[in-house]
Amino acid sequence: MIIILRIGLVLAVCLLPLGHRCLAADNGAISRGVEAVKTDLGNFYLDRENLTKIAIGVAGAAVFANTGMDRYIRNKYQNDLRSTGTDDATKIFNITGTEIALVLAPAYLGAYGAGKLLHNPTMEEWALKSLRATVVGGPAIVLLAAATGGDRPTEGDSKWGAFNNFHAVSGHTFFSAVPFITAAKMSENPYQKAIFYGLSTFTGLSRINDDKHYFSHVAVAWYLAYLSCAVVEKGYGPREGRVHVQLAPVPKGIAITLQKTY
């Protein structure tokens, strides 16, 4: 995992064009960050367009998981394509859940601090966007994994059954894809975008290679990572026409205010 994050950080700093604006000012950075995450969560879980995209992705995964397609792809790959060469090629992306939990967030915060010290707004923005996308999409990964209840390839078939198991969505794929997709979205060069998007798939491919997940598990996790990064990117742009709902305590209850921006 450390190697992956080093690759992402180095590529983001070296390949992305400098000069991106830094949206977190020194004063009030924490409060601004909280407000940004609240906006991201609303855009991800309450926005009808994004919910439709999530539903489409889940429906596509369901087709693979609840038919013989997942098992066919798994058997075809394991029997005909997997080799010592593919094992060696994907070994660098073999990571554990403990490494993700202990390294990911500190790495983003460290990259943000380094960006501050080096006066590199690109690094700061990449770190903040990656962290925000991780926070936004994380709950969806957990909920969907529990609701679908799929098994690993070595445990059983890929058919869904609520709360039967916890492996129908690849958390490794999601968390490892976010920093690369973020870098891809920040890059203005199409070749750089292609490189970053390609790197974002490697951990998912390694999970398929190592027979840890079915294709649908990896595909829906990568898709959720993409949507999470897209929502964060959306939060950085204009939000004309959006309605903001705010709750405020009053002496005899709670006041609800609506604000529409134009």
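1. Residues 1–27 deserve attention at the outset, since pLDDT stays under 50 over this stretch of what is a predicted model. The model nevertheless has 61 contacts beyond four places in sequence for residues 1–27, and a reader new to the structure should see that number together with the pLDDT of the stretch. A second stretch of this kind covers residues 238–248, where pLDDT also stays under 50 and for which the model has 34 contacts beyond four places in sequence.

2. For the protein chain as a whole, the mean pLDDT is 82, and 76% of the residues reach 70 or more. Buried residues account for 42% of the 262 residues in the chain, while the area that the chain exposes comes to about 13600 Å², with 65% of it supplied by carbon and sulfur atoms.

3. The protein chain contains 11 helices and two strands, and when it is read along the sequence the pattern is α-α-α-α-α-α-α-α-α-α-α-β-β. Among the contacts with a separation of 6 or more, 70% are accounted for by residues 24 or more positions apart.

4. Turning to the interior, the largest nonpolar core has 37 residues, and those with the most contacts inside this core are Phe44, Trp126, Val169, Phe174, Val178, Leu224 and Ala225. Two or more residues each come from helix H3 (48–65), helix H6 (97–118), helix H7 (121–148), helix H8 (171–186), helix H9 (190–200) and helix H11 (215–235), with H7 giving the most, at nine residues.

5. What does phenylalanine 174 contact, once its neighbours within four places in sequence are left aside? Its contacts are Ala133, Thr134, Gly137, Gly138, Ile141, Ala221, Leu224, Ala225 and Ser228. Phenylalanine 174 has a relative accessible area of 0%, and therefore counts as buried.

6. The structure holds six aromatic pairs. One of these joins phenylalanine 44 and tyrosine 45 in an edge-to-face arrangement, at 4.7 Å centre to centre and with 65 degrees between the planes. The two partners are covered to unlike extents, because phenylalanine 44 is buried with a relative accessible area of 0%, whereas tyrosine 45 is partly exposed with a relative accessible area of 27%. The rings of phenylalanine 174 and phenylalanine 175 also form an edge-to-face pair, because their planes stand at 80 degrees, with the ring centres 5.0 Å apart. Ring pairs also link Tyr197, Trp222 and Tyr226 into a cluster.

7. There are 12 salt bridges in the structure. One of them is formed by lysine 38 and glutamate 35, whose closest N and O atoms are 3.5 Å apart; both residues lie in helix H2 (residues 29–45), three residues apart, which is about one turn of the helix. Glutamate 35 counts as partly exposed, at 44% relative accessibility.

8. Another salt bridge is the one between arginine 82 and aspartate 87, with the closest N and O atoms 2.9 Å apart. Are these partners buried or partly exposed? Arginine 82 counts as partly exposed at 31% relative accessibility, and aspartate 87 likewise counts as partly exposed, at 24%. Salt bridges with shared partners join Arg82, Asp87 and Asp210 into one network. A further salt bridge brings together the side chains of aspartate 88 and lysine 91, at 3.6 Å from N to O.

Conventions: Residues numbered from 1 in each chain as written. Heavy atoms only, no water. Core = buried A, V, L, I, M, F, W, Y, C linked by side-chain atoms within 4.5 Å. Buried < 20%, exposed > 50% of the residue type's maximum accessible area, 1.4 Å probe, protein only. Helix = DSSP H or I, 4+ residues; strand = E, 2+ residues; numbered from the N terminus. Contact = heavy atoms within 4.5 Å. Areas by Shrake-Rupley, 256 points an atom, 1.4 Å probe, with all protein chains shown as cover. pLDDT = per-residue confidence, 0-100. Phe/Tyr/Trp six-rings, centres within 6.5 Å; stacked < 30°, edge-to-face > 60°. Salt bridge = Lys/Arg side-chain N within 4 Å of Asp/Glu carboxyl O.
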